[in-house]
Amino acid sequence: MAEAVISALMEVIFQKTVSQYLEEYGFLNGTKKEMRNLQSTLSTIQAVLEDAQDRQVTEKALKNWLMKLKDVAYEADDLLDEYVIEALRYKEIHENIEIQGCIIDEVRYFFSQSNPVVFCYKMGYKLKEIGDRLDAIASERFKFHLRDKIINQTDPSFGRLQSDSYLLKSEVFGREEDKEKIIKLLTEANTCGDVSVIPIVGMGGLGKTTLAKLAYNDERVENYFERRIWVCVSEDFDVKRLMRAIIESATGNRCDLLEMEAIQRRIQELVMGKKFLLVLDDVWNDDHEKWERLKNSVRHSSEGSKILVTTRNEKVALIMGTISPYHLEGLSEADCWSLFQQRAYKYGKPEELLELLAIGKEIAKKCRGVPLAAKALGSLMSMKRQKTEWLSVRDSETWKLMGDEDGILPVLRLSYDHLPPHLKQCFAYCSIFPKDYWIKKENLILLWMAEGFIQPCQRMLPEEIGNKYFNELLWRSFFQNVTKDSDGNIMECKMHDLVHDLAKSVAGNDCSTVELGRQVSITAGTRHLSMVCDDRFFEIPKALRNAQKLRSFLLLFGRRKITRVSHTFILSLKSIHALDLSGTGIKKLSKSIGTLKHLRYLNLSDALIKKLPKSICGLLYLQTLILMHCNRLEKLPEDMRKLVNLRHLNIYGCGSLTRLPHGIGKLSSLQTLPIFIVGKEPAQNIAELQSLDLHGELEIKNLENVTDPRCAKDANLKEKRNLQSLRLKWEHVDEMNVRENVERVVESLQPNPELKKLHIENYMGVKFPSWLMNLSLANIVELSLIKCQRCSQLPPLGKLPALEVLTIDGMDAVMYICNDSNENSGINNFASLKQLSLKNMANLLGWSIVEGSDTLPHLKKLICEDCPELFHLPNIPSIESLEMNGCSSKLLKMVTKVSSLSNLMISGFLDLISLPRGWVRNNTHLLSLEIRDCPKLRFLSGELRSL
């Protein structure tokens with residue numbers, strides 16, 4: 001990681017030497033010469049870095065030179081950080097003096113050690129010292145005969161790559177025959193009288209997991225087995241963890257059982273008498289006793305049950321298998337070529353491709369049938385247009401290193417070597433996470449930002465640039481197994497084991513993962529550290545106090561037992577940029593957190609703290625403060641407005657938080673603020689939102705405290721085009737003046753037309769605002785109207801063209817969903833609606849005030865709960881999931897008219913005696929049926945036999 005860090009770090013350091021704050025407030029006085037010398041040295045070193053990078057693989061002395069350079073570069077970065085922080089602090093004091101006219105602060109500051117004159121005088125010595133050390137290192141370049149080179153930049157068209165489906169899936173080539181053989185082994189009768197174990201063996205990157213998935217998801221296998229279970233094992237063969245994973249995969253729910261006896265009993269309940277398939281993916285364990293313990297847990301199943309194992313180790317296959325291992329071979333040259341060219345020639349012009357085809361075939365041939373190598377190199381070559389670039393890869397010396405499994409790493413390294421420096425360090429940083437860890441995309445980008453890996457661009461936000469970096473690495477196959485939310489946004493990803501090995505290889509000592517319970521040893525050069533905890537340990541090891549160069553420290557997994565983070569430990573983190581203490585049991589955070597002047601990222605999610613120390617407001621570099629689900633948090637520090645670089649303040653799920661500090665609106669960089677609590681005091685006015693360019697979601701609570709429509713208008717919601725979700729909530733609305741003004745207030749809270757999700761709760765107006773009635777929000781996808789009890793008429797919801805999810809709950813005055821004949825006419829009515837929930841509607845009589853044959857053509861899920869007067873709903877020809885609770889028995893007749901149901905739940909029908917005829921016979925695809933709380937139900941339809 002050394003050469004990648006240095007190249008990118010040099011640019012970061014250079015940007016700090018020309019900081020506007022240093023120039024604006026005279027902080028360069030007395031140090032201009034040292035700054036110019038430092039800039040010159042940085043340029044000199046940058047010019048030879050690419051040559052050093054190319055040669056350091058084979059020249060150990062050059063590698064040591066880069067390591068020495070990296071250490072000094074980090075020190076220079078920290079030093080300039082302090083310089084800029086002091087300028088920011090002076091800027092804050094200067095602005096307070098201008099606003100408040102308080103000369104005392106200025107006098108106090110003049111006589112402090114932070115006096116600009118004194119500070120610059122001291123800084124001059126430090127800059128000269130660090131500059132001399134860099135000069136000495138730079139002069140050593142001559143003995144290595146390093147040549148000046150221009151750092152390669154990415155192709156300008158690269159940033160325009162689409163980040164849609166093809167980024168996430170690639171076709172499988174050449175595995176049809178292997179798939180058929182595995183399916184045959186899975187579906188043939190057992191010969192051993194026990195659960196059969198089928199091992200798939202092959203070196204990393206051959207596609208063992210892909211083959212297992214092909215078989216697992218084949219329709220024949222789905223029909224053959226009554227229960228299918230998939231467990232990713234990896235290197236940690238912890239029997240209890242794997243047994244829990246089996247339960248979670250089989251049930252789809254989290255397993256909180258702690259005792260082995262209870263876990264064993266639950267597994268037996270799940271497999272007893274059932275023919276199951278259990279896939280154990282990526283097994284490394286060769287401990288026969290552990291394997292037998294796990295295997296014994298799934299006995300007592302039906303004959304024909306199978307366990308499919310994927311492993312790189314022949315010994316593991318022989319220990320676990322009941323039949324001979326299935327040895328997976330590499331792809332044929334033709335299939336390997338097909339996989340390579342699918343990626344490599346995606347963006348080239350026809351005339352360019354012709355001369356590159358022959359070279360591409362030679363490169364694909366050198367991949368030796370390893371799909372991972374073909375895919376990675378295909379992605380790499382798609383970015384290259386020049387014939388010379390293709391020839392350079394074809395003729396690379398790296399190919400000579402490819403022999404056994406370890407030889408794949410050099411081939412993958414080719415892809416890494418062709419990354420620009422900023423992507424190299426972003427990729428290498430990912431080795432801080434353990435293998436098979438689900439990496440949250442948004443969090444990863446925030447960590448990259450905290451570490452200074454994001455190169456600034458005037459036209460793009462750092463988060464947008466980070467998203468681009470992520471997609472570039474994803475396209476080049478450094479990430480895989482992405483998961484998406486309901487809107488199609490990527491949420492999480494993993495790294496292939498071999499890719500993770502590559503990341504660890506290039507990161508070297510810079511990144512490390514340690515496990516509590518094992519001997520903790522941290523090298524002096526470690527900069528980024530994650531710690532995997534378990535329930536046996538109660539504090540952070542003292543050995544970490546010596547790791548004073550750490551820039552990242554992340555606690556992962558079972559960390560709730562850690563109830564204290566010592567003052568001494570925090571003070572040792574002098575250079576920390578990112579600190580993740582989420583999920584810990586700490587109740588109080590030491591005020592020494594305020595000494596971490598370089599801190600950009602602090603995650604305290606799910607901690608037990610009641611308040612934050614005031615000193616946190618001195619962290620002028622802080623960009624991200626995550627407090628999600630800190631249920632006991634009662635208040636935030638009053639001076640948070642001083643966090644001038646804060647971009648993300650996530651207080652989602654902080655239920656005990658009743659007010660926000662004054663001045664939130666002054667945080668001009670703030671993008672994430674999921675909850676805004678309106679207070680009664682003028683200092684907590686909703687107008688604080690005016691200048692904030694918020695992204696994502698926003699919930700505005702206690703809107704009853706907004707009595708002046710002008711203040712609501714000043715919130716400027718209409719101009720917040722980056723908001724995707726808005727929740728408007730009133731709490732206590734009994735006062736008459738609140739009711740009188742509420743309609744005018746909500747009228748002034750008009751959102752931007754680009755809004756996708758809207759939730760209105762406890763609104764006590766008689767009518768909805770015009771911006772909802774006149775369809776100004778044409779892009780709304782999800783709409784929830786909750787407890788708007790005085791509104792008798794709903795907006796013309798059927799005319800919202802993008803509406804997919806609609807929830808109407810607790811609206812007592814509503815009698816019909818559609819109140820206008822014009823609204824209920826036309827084939828495009830509710831054209832996109834997929835999910836509908838009608839709850840607690842005491843007076844709802846029907847769908848439309850105008851009788852007719854209404855249809856919801858694309859509705860997939862319907863929930864109807866506590867609507868006792870509702871007797872009729874529109875035709876729902878595509879319905880798949882139906883839940884009815886506490887409704888009229890007459891409503892059940894509609895079930896007989898549908899034939900597409902897969903899930904049906906009926907409850908709370910107090911007068912139901914028998915089920916309607918035809919309701920099961922018509923729904924031949926019914927998979928799940930639940931009937932409860934129907935006390936008068938005497939007999940079930942004979943049609944149940946057909947299920």
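These are my notebook entries on charged side chains in this structure, which is a predicted model.

**Entry 1: overall count**

I searched the whole structure for salt bridges and got 34. I then looked up several of them one at a time.

**Entry 2: Arg527 and Asp71**

I began with Arg527, which forms a salt bridge with Asp71; their closest N and O atoms are 2.8 Å apart. I checked where the two partners sit, and the pair links distant parts of the chain. Arg527 is in the loop between strand S9 (511-515) and strand S10 (528-532), while Asp71 belongs to helix H4 (residues 60-100), and 456 residues separate them. Next I asked whether each partner is buried or exposed. Arg527 counts as buried because its relative accessibility is 4%, under the 20% cut-off. Asp71 has a relative accessible area of 26%, so I noted this residue as partly exposed.

**Entry 3: Arg266 and Glu269**

I looked up a pair within one helix. Arg266 and Glu269 are both in helix H11 (residues 260-271), three residues apart, which is about one turn of the helix. Their side chains meet in a salt bridge, 3.2 Å from N to O. For Arg266 I read a relative accessibility of 29%, so this residue counts as partly exposed.

**Entry 4: Lys757 and Glu782**

My next pair was Lys757 with Glu782, a salt bridge in which the closest N and O atoms are 3.8 Å apart. Lys757 lies in strand S19 (residues 757-761) and Glu782 in strand S20 (residues 782-786), so the salt bridge ties together parts 25 residues apart in sequence. I looked up accessibility for both ends. Lys757 is partly exposed at 23% relative accessible area, and Glu782 is partly exposed at 25% relative accessibility.

**Entry 5: a network**

I asked which residues are linked with Glu176 in a network of salt bridges. I found Lys179, Glu180, Asp218 and Arg220 joined with Glu176 in that network.

**Entry 6: a positive patch**

Last, I turned to the surface and found a positive patch formed by Lys588, Lys591, Lys611, Lys614 and Lys635. I followed up one of its members, Lys635. Lys635 is placed in the loop between strand S14 (624-626) and strand S15 (648-650). The relative accessibility of Lys635 is 40%, so I recorded this lysine as partly exposed. That value fits membership of the patch, because patch residues need over 30% relative accessible area and no salt bridge.

Note on methods. Residues numbered from 1 in each chain as written. Predicted model: local features only at pLDDT ≥ 70, side-chain atom pairs only at ≥ 80, totals over all residues. Heavy atoms only, no water. Patch = residues over 30% accessible without salt bridge, like charges linked within 9 Å, V, L, I, M, F, W, Y side chains within 5 Å. Areas by Shrake-Rupley, 256 points an atom, 1.4 Å probe, with all protein chains shown as cover. Salt bridge = Lys/Arg side-chain N within 4 Å of Asp/Glu carboxyl O. Lys, Arg positive; Asp, Glu negative; His and termini not counted. Charge placed at Lys NZ, Arg CZ, Asp CG, Glu CD. Helix = DSSP H or I, 4+ residues; strand = E, 2+ residues; numbered from the N terminus. Buried < 20%, exposed > 50% of the residue type's maximum accessible area, 1.4 Å probe, protein only.
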